[in-house]
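Below are some notes on the model, set out as numbered points. They start from a single side chain and work outwards to the chain as a whole.

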Amino acid sequence: MNIDILNKIFSYIDRGRDYKSVLLTCKQWRILIDDPKRRSRLMNILCTLVQRYPDKPWNWGLLSGNPNITINIINQNYDKPWDWTLVSSCSNITMDVICKNSHMPWDWYWISQNPNITMDDIKQNPNKPWDW
């Protein structure tokens, strides 16, 4: 968990009772996400929220690097200000996704760094602007 986020949350707490409530909530959240199945389901809530409320003021730049964001969500919200550097390096982006969505403004420097891209992908796509 990002300590900066917790510090920001705690900076708004000015009563001991509230502080104890937040600590208890954090402990309960930790218990919830320790179960891998439950964690996966909870983390995918973000995708559900983005799909249900695409017109809310999302930080599309930060969403771009979220590993739970799918190409379907990107396609459904293509007009949003995605950070293509982050999308291109996202862990769920594969060469298959890139080829099927070649109209997107991929960042080939970051695609070249993406751990999902294999040497076979490079050999099968020599015409792509790989960053050597």
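1. This is a predicted model, and the notes begin with N77, which sits in the loop between α6 and α7. Its relative accessible area is 4%, so N77 is buried. The side chain of N77 reaches back to I73, where the backbone oxygen is 2.9 Å away. Setting aside neighbours within four places in sequence, the contacts of N77 are V50, P54, W60 and W82.

2. K80 is found in that loop as well, between α6 and α7. Is K80 buried or exposed? Its relative accessibility is 18%, and the cut-off for buried is under 20%, so K80 counts as buried. With neighbours within four places in sequence left aside, K80 touches P54, D55 and W60. P54 and W60 therefore appear in the contact list of N77 and also in that of K80.

3. One of the contacts of K80 is D55, and the two side chains meet in a salt bridge, with 3.8 Å from N to O. Which parts of the chain does this pair tie together? D55 belongs to the loop between α4 (45–52) and α5 (60–64), while K80 belongs to the loop between α6 (71–76) and α7 (84–89), so the bridge ties together parts that are 25 residues apart in sequence. The cut-off for a salt bridge is 4 Å, and the value for D55 and K80 is 3.8 Å; a reader should keep both numbers in view.

4. The two partners of that bridge are not alike in their surroundings. D55 is exposed, at a relative accessible area of 72%, whereas K80 counts as buried at 18%.

5. How many salt bridges does the structure hold? There are 2, and the other pairing is between the side chains of D96 and K100, at 3.2 Å from N to O. Both residues lie in helix α8 (residues 95–100), where they are 4 residues apart, or about one turn of the helix. D96 counts as partly exposed, with 45% relative accessibility, and K100 is exposed at 62%. As general background, side chains of opposite charge can pair when their charged atoms come close.

6. On cysteines, the count of disulfides is 0. C90 counts as buried, with a relative accessibility of 6%. C99 is partly exposed, with a relative accessible area of 36%.

7. A nonpolar patch on the surface is formed by I45, L49 and Y53, which together have about 250 Å² of accessible area. L49 lies in helix α4. Its relative accessible area is 35%, so L49 is partly exposed.

8. For the chain overall, the count is 10 helices and 0 strands. From the N terminus on, the order of elements is α-α-α-α-α-α-α-α-α-α. Buried residues account for 29% of the 132 residues, N77 and K80 being among the buried ones.

9. Two further totals complete the notes. Of the contacts in the chain with a separation of 6 or more, 30% come from residues 24 or more positions apart. The chain exposes about 9300 Å², and carbon and sulfur atoms supply 54% of that area.

Note on methods:
Residues numbered from 1 in each chain as written. Predicted model: local features only at pLDDT ≥ 70, side-chain atom pairs only at ≥ 80, totals over all residues. Heavy atoms only, no water. Helix = DSSP H or I, 4+ residues; strand = E, 2+ residues; numbered from the N terminus. Buried < 20%, exposed > 50% of the residue type's maximum accessible area, 1.4 Å probe, protein only. Contact = heavy atoms within 4.5 Å. Disulfide = S-S within 2.5 Å. Polar contact = N/O pair within 3.5 Å; in protein donor to acceptor, adjacent residues only side chain to side chain. Patch = residues over 30% accessible without salt bridge, like charges linked within 9 Å, V, L, I, M, F, W, Y side chains within 5 Å. Areas by Shrake-Rupley, 256 points an atom, 1.4 Å probe, with all protein chains shown as cover.
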